[in-house]
Every structure is written in structure tokens, then in C-alpha cells.
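Visitor: Could you walk me through this one? I'd like to start with the backbone and then move on to the metals.

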Amino acid sequence: MELLYSIISIKGTVQGVGFRPFVYRTAHKFNIKGSVLNNSSGVKITAYGSKAELELFIKTLKNSPPPLSSIRHFTVEYIDLDFIPGDFKIINSSEGEENEIDITPDTSICDNCLKELNNKNNRRYGHPFINCTDCGPRYTIITQLPYDRPSTTMLEFEMCSECAKEYNDPFDRRFHAQPICCPECGPVMKLLDNKGVEISCKDPVKESSRLLENRKILAVKGLGGFHLACRADLEETISKLRKRKNREEKPFALMVRDIETANKIALISETELKILNSIEKPILLLKKLKDSENLISEKAAPKVTTFGIMLPYTPLHYLLFKYGSFDALIMTSANRTDNPMEFKNEDALNKLSNIADYFLTNNREIFSRNDDSIIRVINNRPFFLRRARGFVPEPIPVPDKYSVDGIIACGGILKNTITAGRKNMCYVSQYIGTMDNIETLGSMEQILDNLTKLLNIKPKVYAVDKHPDNAGAFHAKNKRLPIQYVQHHHAHAVSCMAENGLSEKTVCITYDGTGYGDDGKIWGGEILITDYHGFMRFAQLSYVPMPGGDLSVKFPWRMAMGTLNKVYKVKELFPDVPDYDKDAVIEILNAEISCPLTSSMGRLFDSLSAILGICLVRNYEGQPAIELEAIADKNEYSEYEFNYSSGYPILINGPDILCKAIDDLKAGIPVPKISAKFHNTIARLTSVIAEEAVNQTNSRNVCLTGGCFQNALLLERTIMYLEEKGLNPVTHKLVSPNDEGISYGQAVIAGAIYYKKNKFA
Ligand code: ZN
Ligand code: ZN
Ligand code: FE
């Protein structure tokens, strides 16, 4: 029998996911001798055995790795050896120089742990911190690499002898499960009132369920931070929460007991069911069912046709539902208006004492804050509305010949993320928030610091938005490294191109609310022809004034008056708005004072939303367009005529479309039909101009990006009309179409420019 000796190197997400015990068990199964160890670039295996058994061994490693792992590189090298290794061994981690490993995202409790949680005879029965190598906290508790117990916030909890036995047994499900613990040795729950005084009770979790039942609002510490929780069926309680949180209408996320409950309140497709049930357990936007009011109060998500729903994902969540009689809870990130979610015990108590009645907390520290992810299925495919817990920090690749090594991209202003580059991988951070306050800026710096340290990235270049008030630029300037400025919509365009592997000149439709343009104006309705080095502005919405600047964003009726000023007797509009308010707007429009110009598609949607009486005052970002989409008659396929200028950039006449919508309104056409016709019109004109634009490229690809494409109706119709013309619509899969995707695009652009000048590192 021929005996061979081989060295196997595996890279990717292979640490902290039970990879070494899996290798160990597989080696035993196939009689392989040798060893396995974690090193700085992944997992290294030396294996000795017969040719046939080695082949089976390698095949098993490749084809059935542990559920949470993901293999990026797998190399096998056969070598000669003059000694025979002993029984297969697991060698402990050693710190290396160059880190190339990835960090595993946090995942929801696995089936095995859930069974133990509910098994009275198990020693972890009812233990809110139960986990194993297949599940539990990861990214949120890792403080450094390599991933070992001392590199996590579990460091301070000494394992009891039973846990230590499991931890050291390669045949145990908890072999080297770093967060391993039990009621004997693990963290403990605490229930406090809003003055920080501990409530004495036998079981803080049971007591919390009782308080929730009794209409209280609780701050509950979860995986990536605190949630504010209360029953979802009680109008009065939700109104109280809205008042305390200063959040009038923005829909709250719901956590429901189980799939059966979800089925009672929302329409769920097969694709959606899979995502709802996935180990990532994101919040999923699902279509409301009509008779769901007895389970979910109208106040939970007013004026929209969807619910944001997630299933329990930590052992604690399961226990809260087990001990409580409620079927659905409001579970919203615990923060004060515009601030990041609280994730430290003390901060939470200090800052949320006016919002929460009680605090259900524990002494396992969260190292990296991480919000819940939000997904919406459009055209049977998932789109990120927010990419965070469960997905971050999984890397997003850049097309082969490009490097982003050492690029730090600071993103934009709204819905920000940051990106750190290593080789040709982008590590896009979790959702950070809107960069308009010191807390969020602090959060950005913290996350950036954590990511670069964990991934061992040495910053070389900063990529920042061109906006003069941009906090990212402020941060970058302090670092005394080269800065690459990137235009907002260029970054959007490239984010969609790069994640789809495109790098040649491509037509990119970028429709969003706001982005600083190269001419100093506010862009947002742009059709660009783009590569990584630059872009040509092929078409745009014609500029219109925004009377009072940001006031027009807050009050869509003002925006509508700005959009229509030159072409319509605007004072006739909005009979409910006092004349003196309208006169003031008309005055500044005529004087052209404090009226910045915009080509924003988001603002055109806002204008129509106001004109149709749907949303005159905006309470949260995107509200006017979200409600405009919600009301649209999805069976209406007609559209308005539209016109645009010749010459570049092509100017699309937005106000003219609004005038036609007003004509319809006057003629008594129902609002849902007008809304749909408007959506169809934007989709149609986009496809017509895209068809002209692709002639200037070598492909039929058309990228669709920007926050407006979170609108399902707009996206579906645009895809449909593009395909009718034989064009190939390209959409996001890995990053969000909204401003969360900006940092990824910036990193790719900055990398392309830097490494063209500096040769590859
Ligand atoms: Zn588990
Ligand atoms: Zn223990
Ligand atoms: Fe944007």
C-alpha cells in the first residue's frame, strides 16, 4: 500500500467555527496521522495515510465543512518524509505575523443548543448564554486575533471543570467553543429598575417576561447591543414608547414567537421563509396581512404595507417568549434619537432611563456594537436595507486584478458604514448611523479601530466623500495619510459594479436622495457611465431649487413648490398649508435665496408624495417615498409621457411629469393609480435613456443603485423595462443600494487609483 504525506492549507472563515475538531474527527474516521493547527492565515494540516484514505479525507474536508465556515483557498501539497507521524493531534494556536484569517459573524442559537435549553435534564436548561461551535456570539465579543478564549470578552469567566472537559474534548460539540459556559461558571443576568437599582427576584428572565406582559417597556441586552422591548399588541404601550423615544411614525421592528405567528400577520413567500429562518436571523420586511390588528397594533408600523419581522435568535429571546404569554414584541434598537444603539451597561442605564421602565442586562461585555440586519425581498431576491449582525465582518471581494490593500474608506454622511481593505477583500463595517453628532462619529472611530486591529490592516490611503461637511474627511485629515476624494454617486455606481465583478465602462443608474456633486450642487438623479477611475454624467434630472435647503427635505410640500415653481401656479397647491407659509416659500424662490439646486430623484418622489396629500411632513428618512410606494396600485401599468433634452448631460424634465400627475388628480383619477403611473414613468424613461447610454460601452449591463432602488415597485418595473429592451439589469447582492454601500465603492475607486500610481503592494 502506497503511503503519502501531504500538507493542506485552508484559508477563509475557518477559525472559531469548529474547524479543527472537524478535521480531527475526519482524520480519525479515515485513519490519518498528523496534526492540525490554526495559524495566522487559516488552518494548516499535515496528514499522513494511504492514497485512497488521504483522498477521502481531503474530499470530506472540502465538501462538508462545518456550517459556519467558508473556505476561500484550499491547497494540497504532497511531500516526501523520512519519519512517520504519530496519532492525529490538534496543536494550539500560535500567534503569527501576518493575519489573513477572517472573523466569523455572530449567529443565532443552533438546534442542538435549543434542545438543551429546553431539556430539564440538561445542565444548561434555561441558561441564557448557551452556545457551541455551531452558534452564538463571535464578532461582537472578539477583542483580538487569533480567536481564543483570552481574545474575547469571556476572558474574565473561568471555566468550571465540566465546561473545561467539553472544551478540551475534540469529540464534543463544544471543543474550543470560546464562549462556552454554564450556569456554574458563566455570565449572569440582572434585572434593574430605571434608577439602576437591582430588582431582587429568583429568575430575572422570568420576571422580565412578566413585566413585559404587564405593559412595561424593557431595555434588553442582546447580542450586539440593547433593544427596547414591549408588547406589540398594545396601542397604549407603543404610543408611550414612541413618545419617550421621540419617534412619531417610523415603523418598529417586531420579534415574533415563531413562524406560525409570522404567518398570521404577514404574507411569506418560500424565499422569504428561508431568510426568516436562516442562521443570520435578519429583520425581514414582509407584506402585512389585513386582519393582523389583534396581534399587532396599528401603531407598530403606521401607514406602511409592511412589517419588519424577525424570529428569536438568542437563547434569551427564546426564554422571554417561553415564560411570557405574548406572541409578538416590539424589538427596536435602544438609542436616543439619531444616536447609535447603546451596548455598554452603564451607558444604557444613563441614556435610556427616561425611555425604559426596566433593564434586563448581564455581565458579558459586548466589544463591537452591531445592529440587526434588515432585508427586503424584491423580484424573489434579497436586498440589504441594513447589513450588520449575522453578516459583518464577512469580506466582500473586489475583481481580481484590483487591490484595496490598506485602503480605509470613510463612507458618506447618512446611514454610514466604513470599509477597510486587505489584499483584494473589502471588510465593510456594520451600519454605523448618520454622521451628524459626536456619538456617531465616536462610534465610527471605534469600529474602524476594531476592524483594522482585528484584521491587522495598516492604513495607506483614506477614501472620503467630496462633501465639505463630511465627518470622514475630518477624521482622515488627522491621520496624515494621503486622501482620495470620491464623488458620492461614483461610489454608488462602483459599489454595484465591483460586487458584481464588473470593472469595464458600465452604465450606472444612481437614484438617491442627496449626494454632493462635482459642480457643488446636490445630485441624486444621475445616469453615469462609469469605471473605477472616473465617470461621465450621461443624464440627470434637471435642476430644481430646494427652498430653505434641508427644510425641503423635512417638509416635502416645500420641495414640491420648489420643483414646480417655474411651471405651475404653486400657490394653488396644498390648501391645508397656511398662505403665509406658502408666501414665504414663494418669496425665497423668487429671490433665489437659500435655494440650493438639486437633481435628486428622491426629492422628485417626495414632491409627488406631498402633491398627492400622502406625506406633507417627513418624520423619518425615506417616509414620503415609502408611503408613495405603499399606496401605489401594483396592477396599473400605464405611464405618463416624458421628455428630455439632447446634448450631454441629457436633462430629464421632472417637473413636467408632476404637472401631468396633477392633471390626473384634478380629473379625479385615484391616487393609487397616479402613484403607480409615476413609478412606471421613471422606470420607462430610465430604460429609454439607458438604451442610448449602453452604446458608449462594450456591454449591455445597466447597474441599478442608490437608495431609490429600495423601492420594490420602482426596481421591479425598471428591471422589466430594461429586459424588454434586451439590456441586462445588474443589482446589489452583497451590499445595500443605499448609502451604506458608499464606503465599499470608495475603497474600490481609491484602490484602483492608488495602485495604478504605486504598483501593486
Ligand atoms: Zn449551538
Ligand atoms: Zn461551566
Ligand atoms: Fe446616496
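Guide: One definition before that: helices and strands here are DSSP runs, a helix having at least four residues and a strand at least two, and they are numbered from the N terminus. On that basis, Lys415 sits in the loop between β18 (407-409) and β19 (419-422). Note also that this is a predicted model.

Visitor: OK, and what is the phi of Lys415?

Guide: Near 40°, a positive value in a residue other than glycine. Most residues other than glycine have a negative phi.

Visitor: What about His176, what's its phi?

Guide: His176 has a phi near 55°, which is positive, and it is not a glycine. His176 is found in the loop between α4 and β6.

Visitor: Is His176 buried or exposed?

Guide: Buried, because its relative accessibility is 13% and the cut-off for buried is under 20%.

Visitor: Which bond is cis at Pro393, and what's omega?

Guide: The peptide bond from Val392 to Pro393 is cis, with omega near 5°. Pro393 belongs to the loop between β16 (381-386) and β17 (396-397). Most peptide bonds are trans.

Visitor: And what joins Tyr648 and Pro649?

Guide: A cis peptide bond, with omega about -10°. Pro649 lies in the loop between α18 (623-631) and β28 (650-652).

Visitor: Metals now. Which residues are the protein donors of the zinc ion (ligand 1)?

Guide: Cys110, Cys113, Cys132 and Cys135, each through SG, lie 2.3 Å from the zinc ion (ligand 1). The angles among the four donor atoms run from 104 to 120°, and the site is tetrahedral. Along the chain the donors follow the spacing C-x2-C-x18-C-x2-C. Cys110 and Cys135 link distant parts of the chain, 25 residues apart: Cys110 is in the loop between β5 (89-91) and α3, and Cys135 in the loop between α3 and α4.

Visitor: Are Cys110 and Cys135 buried or exposed?

Guide: Cys110 counts as buried because its relative accessibility is 14%. Cys135 is at 0% and counts as buried too.

Visitor: Then the zinc ion (ligand 2): which residues coordinate it?

Guide: The SG atoms of Cys160, Cys163, Cys182 and Cys185 coordinate the zinc ion (ligand 2), at 2.2 to 2.3 Å. Its site is tetrahedral, with angles of 104 to 119° among the four donor atoms. The donor residues are spaced C-x2-C-x18-C-x2-C in sequence. Cys163, in helix α4 (residues 161-167), and Cys185, in the loop between α4 and β6 (189-193), link distant parts of the chain and are 22 residues apart.

Visitor: How accessible are Cys163 and Cys185?

Guide: Cys163 is at 0% relative accessibility and counts as buried. Cys185 is at 9%, so it counts as buried as well.

Visitor: What are the protein donors of the iron ion (ligand 3)?

Guide: His488 and His492 donate through NE2, and Asp512 and Asp739 through OD, at 2.0 to 2.2 Å from the iron ion (ligand 3). The angles among the four donor atoms range from 86 to 163°, and the site is irregular.

Visitor: Why irregular?

Guide: Four donors count as tetrahedral if all angles lie between 85 and 135 degrees, and the range at the iron ion (ligand 3) goes up to 163°.

Visitor: How are the donor residues of the iron ion (ligand 3) spaced in sequence?

Guide: As H-x3-H-x19-D-x226-D. One pair among them, His492 in helix α13 (residues 488-499) and Asp512 in strand β23 (residues 506-516), links distant parts of the chain, 20 residues apart. Both His492 and Asp512 are buried.

Visitor: Different topic: what lines the second largest pocket?

Guide: There are 14 lining residues, and Ile109, Cys110, Asp111, Ile279 and Lys281 lie nearest the centre of the second largest pocket. Cys110 is also one of the protein donors of the zinc ion (ligand 1). Helix α3 (residues 111-117) supplies three residues, the largest share of the lining. By class the lining has seven nonpolar, four polar and three charged residues. The space in this pocket is about 290 Å³.

Visitor: Last one: what is the secondary structure of the protein overall, and how far does the C-alpha trace span?

Guide: The protein has 22 helices and 30 strands. Its C-alpha trace spans about 90 × 65 × 50 Å along the principal axes. The radius of gyration is 27 Å, which agrees with the value near 27 Å for a compact globule of 761 residues. Of the 761 residues, 61% are buried.

Note on methods:
Residues are numbered from 1 along each chain as its sequence is written. Chains are lettered from A and ligands numbered from 1 in the order in which they are written. This is a predicted model: local features need pLDDT of at least 70, side-chain atom pairs count only at pLDDT 80 or more; totals for chains, interfaces and linings use all residues. Side-chain values use heavy atoms; hydrogens and water are left out. Donors are N, O and S atoms within 2.8 Å of the metal (3.2 Å for Na, K and Ca); water is not among the atoms, so sites may look incomplete. Four donors count as tetrahedral if all angles lie between 85 and 135 degrees; four count as square planar and six as octahedral if opposite donors are over 155 degrees apart and all others between 65 and 115; anything else is irregular. Buried means under 20% relative accessible area, exposed over 50%, partly exposed in between (1.4 Å probe, protein chains only). On a 1 Å grid over the protein atoms alone, a cavity is a set of points where a 1.4 Å probe fits but cannot get out, and a pocket is an open set with protein on both sides within 12 Å along at least five of seven lines; lining residues have an atom within 4 Å of a point. Grid points are joined across faces, edges and corners, and a volume is the space filled by probe spheres set on the points. Ala, Val, Leu, Ile, Met, Phe, Trp, Tyr, Cys and Pro count as nonpolar, Asp, Glu, Lys and Arg as charged, and the others, Gly among them, as polar. The radius of gyration is taken over C-alpha atoms; the globule rule is 2.2 Å times the number of residues to the power 0.38.
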